[in-house]
Amino acid sequence: MTFEQLENLMGKQTRSDWSQHTNGEGWVKSSAEADPACYIAGVVYGNARVYGDARVYGDAQVYGDAWVYGNARVSGNAWVYGNAQVYG
């Protein structure tokens with residue numbers, strides 16, 4: 001996902017607030033956390049955490065205080081947010 005695609009999905013953003021995940025090339029905001037071993041092709045922001053062997057695909061978003069971990073998969077246009085915890 002390019003930064004332009006990120007902005008198309010989420011509106012105008014400040015580039016310095018985001019980093020592109022090395023495994024999947026999705027975007028992680030500086031306030032969120034995604035382990036390097038995870039596959040992130042979607043977007044992780046807020047205080048969200050993605051770790052373990054978790055995968056975030058497509059236009060999926062993980063945000064707020066949500067956690068995605070273990071072998072969990074989030075894909076398509078799914079949103080995981082609030083205090084949700086998804087694991088597998």
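**Exercises on a predicted model**

**Exercise 1.** In this predicted model, strand β7 (residues 55-56) is joined to β10 by 2 bridges, the two strands running parallel; determine which residue of β10 is the bridge partner of R55, and place both strands within their sheet.

*Solution.* Begin with the individual pair: R55 has R73 as its bridge partner in β10. Next, extend the view to the sheet, which is open and consists of 3 strands in the order β4-β7-β10, with parallel pairing. Finally, identify its edges, which are β4 (39-40) and β10 (73-74), each of them pairing on one side only.

**Exercise 2.** Describe the contacts of V62 beyond its neighbours within four places in sequence, and relate V62 to the largest nonpolar core.

*Solution.* With those sequence neighbours set aside, V62 is in contact with V43, V44, Y45, A48, V50, V56, V68 and V80. Turning to the largest nonpolar core, which has 17 residues, one finds V62 among those that touch the most other members, together with I40, V44, V50 and V68. Another core, of 8 residues, lies apart from it and includes M1, F3, Y45 and Y63.

**Exercise 3.** Locate G82 relative to the strands, and decide whether G82 is buried, partly exposed or exposed.

*Solution.* First, G82 is found in the loop between β11 (79-80) and β12 (85-87). Second, its relative accessible area is 30%; because buried means under 20% and exposed means over 50%, G82 counts as partly exposed. Third, when residues up to four places away in sequence are not counted, G82 touches Y63, G64, D65 and A66. Lastly, the C-alpha atoms of G82 and V62 are separated by 9.1 Å, the two residues being 20 residues apart along the chain.

How values were computed. Residues numbered from 1 in each chain as written. Predicted model: local features only at pLDDT ≥ 70, side-chain atom pairs only at ≥ 80, totals over all residues. Heavy atoms only, no water. Helix = DSSP H or I, 4+ residues; strand = E, 2+ residues; numbered from the N terminus. Buried < 20%, exposed > 50% of the residue type's maximum accessible area, 1.4 Å probe, protein only. Contact = heavy atoms within 4.5 Å. Core = buried A, V, L, I, M, F, W, Y, C linked by side-chain atoms within 4.5 Å. Pairing = 2+ DSSP bridges.
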